[in-house]
Every structure is written in C-alpha cells, then in structure tokens.
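Let's go through this model together, asking how each label is earned. Have the picture open while you read.

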Protein chains: 2
Amino acid sequence: MSVQERKERERAGRERLIVATARELAEQQGWDAVTTRRLAERIEYSQPVLYSHFRGKREIIGAVALLGAAEMAAELRAAARAADGPRARVTALARAYLDFAERNPAVYDAMFQLDGGLAFAQEDTPEPLKDAFAALLETLGEVAGEGVHPGLFTEVFWAALHGLATLTRAGRQPPADAERRVELLVDRLAVL
Amino acid sequence: MSVQERKERERAGRERLIVATARELAEQQGWDAVTTRRLAERIEYSQPVLYSHFRGKREIIGAVALLGAAEMAAELRAAARAADGPRARVTALARAYLDFAERNPAVYDAMFQLDGGLAFAQEDTPEPLKDAFAALLETLGEVAGEGVHPGLFTEVFWAALHGLATLTRAGRQPPADAERRVELLVDRLAVL
DNA sequence: TCGATTGTCTAGCGGTGCTAGGATCGCGGC
DNA sequence: GCCGCGATCCTAGCACCGCTAGACAATCGA
C-alpha cells in the first residue's frame, strides 16, 4: 500500500503546485496570461496533465478561489480579533477586506469576478466560501441594528465593500479618497 | 461634396449597426459569444471591416458601454423625476439602477466589468460616463448629510448599488431578498 | 521475466483576435 | 462615354487559445 500512498501524495503535491502556479501567474500578469500552455510549462509538465487534475481552466480558477476564500476568512478574523469594541472591529474588518482585494487582485477576481464554476448562496456551496461569509457575519451581526436580520445586513455591507473594491481597482473611482469612503460606509451602515 | 457626405453617412450608419449588433448579440448569448467572426457575419460584412471602424474588440465594447451610459442616465433621471420627496426619489433611483443592470446585463458588463479601454474618474472621461455619474449625484447629493461631500457620498452609494447588482446577478447573493436589501441600504445610507 | 496498467507526451482539432495583400468597385477628369 | 486611380472590401493566413485522441514509456503485480 505504501507505493500507492506515495503516488497519491505526489499527485496531491502536484495539484497544489498547479493551483499555486496559476495564482502566481495570475497575480504577476493577470488571468489573461494564465493559459494552459504557459501553466503547463511553468510546472514543467505537458498540457494534458492539467486535465488529469481538473476538468478545465474554469476548475483551476475555482481552486484558486477556494484557496483565497480560506485565506481571506483568516485575515478577516485576525483583523476583527485585534480590535476593541464594535466600531473598531467593523472598521478593521472593512479595511482588511479591501486590503485583501488590493493585495490579491487576481485571487479576488477568481472569487467574485470570474466564473470558477462554484456554487454560491446555496446548500452545496463549498465550505471555504461559506466560512468567508461567516467571518463577515461574526463581526457585522452585532451591528446590524434592532429588527434587522444579521444575514441580510451582512449581505448589504458585503455588497458595498465589494463595490468599493472593484470600482476602485478598475479605476472607476479615484483611489485617493478610499479611506474616507470606508469611514462614511461604516458610520452610516453600522448601528453602533 | 454630396458624394462624400453620403459616404460618411453610410459609414456612420454602419458603425451604429456594428455597435447595436454587438449589444444585441451580447445580450442574447453573452459577451463570450461576441466574436469578430460572428459579429461580421451578422452585419453581413467581412471581419476586416470591423477594424476600419474600431481598433479592436475592446473598442467595440467601449462603444456599447457609452451607449449604455447615456441610456442609464436617462432612465435614472426619469425615475427620480417621477418620485416626490427625497426618500422616494432615492429609493426610485436605486431601484432604477438595479433594474437597468438586471434588464441589460451585457451592457452593464461593458460599462463596469469588462475592459472597454475607457478612462474613468479623470479629465478625459467620456461625456456619457460623467453624465451618468451626474445623474446619480443630482438625487443623492441632497441626502448626503451635513458636512459630507456629495461626490464622496455618491461614490459610496454607487459602490453599494454596484455590489448588489453584480453579486446578485452572479448568483453570489440570493435573489429573493433583493428588495429588502435595497430598502435597508436606502434607510441607512441616506440622511432623510 | 513478462503482461497489464498507469501515466505522460506529441500532435492536432476547431476556435479566437487581428492583419497583409490582392481584387473590385465607383469616383472625377478628359 | 471612357479611363485611370484611389478608396473599399474580401480572401487567406498568422499566432495563439482550450481541449483531446492516440501513441509511447515506465512501472507494477504475478
């Protein structure tokens, strides 16, 4: 059995390599540059090897998205934990979210802009995605205000953050006032 | 001179045909289906003709985006005009925005998701884009609240709307509660 | 040691955006 | 009315894309 186990380990390692390389390439040169040929060359295997791990390019994007969701959830929780009081927590959460989107644009795109073939907002949604939403909910739930469903409030707050993240990065909004926009958002949306 | 004028008219007409056809095709089958070959076939010309009007596919997307921006600005103003009082106006504006995004997903993508090679939030931003933002500003400026810059407030409100529009359409948020999210957004963000 | 299975690669399919170069059409001057 | 010429358009092709069939090699169990 040891032989088979070793092979499975190697296989799993190569799969991680594929995902990590795809992410790296996407962050360096954008998702357009992540072609199956280039990706195969970087991992030093031929193209068809990719298809023995993933159904296609879409699934590779999905794998990067899941990785990113887990990472984001961890960062959001760390930011919230480091702040005292509801107001500071919400502000820290919002900053951490936008910060993640800015530092990992390709990963953020994989999660929310591109089609990674993932299910959202339903039962068979992968765990990391649900958990990232849960990380938002944990902090935002306590400032939803009376009579407002925490989940609904989190959705609205998240949408606002997502809008700020994408519009700023795409050059649709001036980057200079980003911090002031966050403060306004927190001041108005959260019930403190 | 008449001959030359006629030629220019025909040329302008064909350019409109290209943009309208691209939009139509994108709304019917998504932007992925808008290939230069298919587009050329639909307008009953060969591919290179497209390149005598536009630098490339990106510019065609940009042209659709400009068309959409003008349309959206008109719809936003109409919705605001039909409502009485600040609160009703803001709600109507928000609904009109989300409605436009839902009814014209491909055009909305051309404006805010895809790269149409357009400049945003700077001096050489095309007029229709500035005007669409102005349409938002006209209604939202009056509910920004004291001491809050109307432009900044509009940016935040717009970001929230954009987030709701994209996340809902991409299946990232359950469509059922869309209306309740809008109400919550208006209640919290606007100072009435 | 041999046969079978697993794994990997080469080569190729139909598609993409875009362009070079040749053919054809219609204009203005004689 | 005819003809040369410039504008206009199309055919054919480039390099690249995602993806896959089938040949080949390496490794395993008997």
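Q: What share of the 192 residues in chain A is buried?
A: This is a predicted model, and in it buried residues make up 48% of chain A. To be counted, a residue needs a relative accessible area under 20%.

Q: What makes up the secondary structure of chain A, going by helices and strands?
A: Chain A has nine helices and zero strands. Read from the N terminus, its elements go α-α-α-α-α-α-α-α-α. The C-alpha trace of chain A spans about 60 × 40 × 30 Å along its principal axes.

Q: How do contacts in chain A split by distance along the sequence?
A: Take the contacts between residues at least 6 apart in sequence: 64% of them join residues at least 24 apart.

Q: Why is A:Thr166 called buried?
A: Its relative accessible area is 5%. The cut-off is under 20%, so A:Thr166 counts as buried. You'll find A:Thr166 in helix α8 of chain A, residues 150-169.

Q: What is A:Thr166 in contact with, leaving aside its neighbours within four places in sequence?
A: A:Thr166 touches A:Tyr108, A:Gln113 and B:His162. Contact here asks for heavy atoms within 4.5 Å.

Q: Why does B:Val49 get the word buried too?
A: B:Val49 has a relative accessible area of 15%. Set that against the limit of 20%, and B:Val49 is therefore buried. B:Val49 sits in helix α3 of chain B. As for its surroundings, the C-alpha atoms of B:Val49 and B:Glu15 are 9.9 Å apart, with their positions 34 residues apart along the chain.

Q: How many residues are in contact where chain B meets chain A?
A: On the chain B side there are 36 residues, in contact with 36 residues of chain A. The area buried between the two chains is about 3,000 Å², and carbon and sulfur atoms give 65% of that. In chain B, the residues that lose the most area to chain A are B:Leu152, B:Arg172 and B:Arg188, together 25% of what that side buries.

Q: What makes the pair B:Glu155 and A:Arg181 a salt bridge?
A: Their side chains meet with an N to O distance of 2.7 Å. The rule wants a side-chain nitrogen of Lys or Arg within 4 Å of a carboxyl oxygen of Asp or Glu, so B:Glu155 and A:Arg181 pass. Across the interface of chain B and chain A, the rule finds two salt bridges.

Q: How many residue pairs are in polar contact between chain B and chain A?
A: The count is 10 residue pairs, with both residues at pLDDT 80 or more. In chain B, α6 (105-112), α8 (150-169) and α9 (178-189) each supply at least two residues of the side that touches chain A. Helix α8(B) gives the most, with 12 residues. By class, this side of chain B has 22 nonpolar, eight polar and six charged residues.

Now for the DNA.

Q: How many residues surround DNA strand C, and which are the closest?
A: There are 18, and the closest are A:Ser46, B:Thr35, B:Thr36, B:Gln47 and B:Lys57. Among the atoms of DNA strand C that come within 4 Å of the protein, sugar and phosphate account for 54%.

Q: How do you know that the side chain of B:Arg37 makes a polar contact with a base of DNA strand C?
A: An N or O atom in the side chain of B:Arg37 is 3.0 Å from a base nitrogen of DNA strand C. The limit is 3.5 Å, so this pair qualifies. B:Thr35 has a side-chain N or O atom 3.4 Å from a phosphate oxygen of DNA strand C. For A:Arg14, the distance from a polar side-chain atom to a phosphate oxygen of that strand is 2.9 Å.

Q: Which residues are the closest to DNA strand D?
A: A:Thr35, A:Thr36, A:Gln47, A:Lys57 and B:Ser46 are the closest of the 17 residues that surround DNA strand D.

Q: What makes the approach of A:Gln47 to DNA strand D a polar contact?
A: A side-chain N or O atom of A:Gln47 is 2.8 Å from a base nitrogen of DNA strand D. That is within 3.5 Å, so the label fits. A polar side-chain atom of B:Arg14 lies 2.9 Å from a phosphate oxygen of DNA strand D, and for A:Arg38 the value is 3.4 Å.

Conventions. Residues numbered from 1 in each chain as written. Chains lettered and ligands numbered in written order. Predicted model: local features only at pLDDT ≥ 70, side-chain atom pairs only at ≥ 80, totals over all residues. Heavy atoms only, no water. Buried area = accessible area lost by both parts, 1.4 Å probe. Polar contact = N/O pair within 3.5 Å; in protein donor to acceptor, adjacent residues only side chain to side chain. Helix = DSSP H or I, 4+ residues; strand = E, 2+ residues; numbered from the N terminus. Nonpolar A, V, L, I, M, F, W, Y, C, P; charged D, E, K, R; others polar. Near = heavy atom within 4 Å. Buried < 20%, exposed > 50% of the residue type's maximum accessible area, 1.4 Å probe, protein only.
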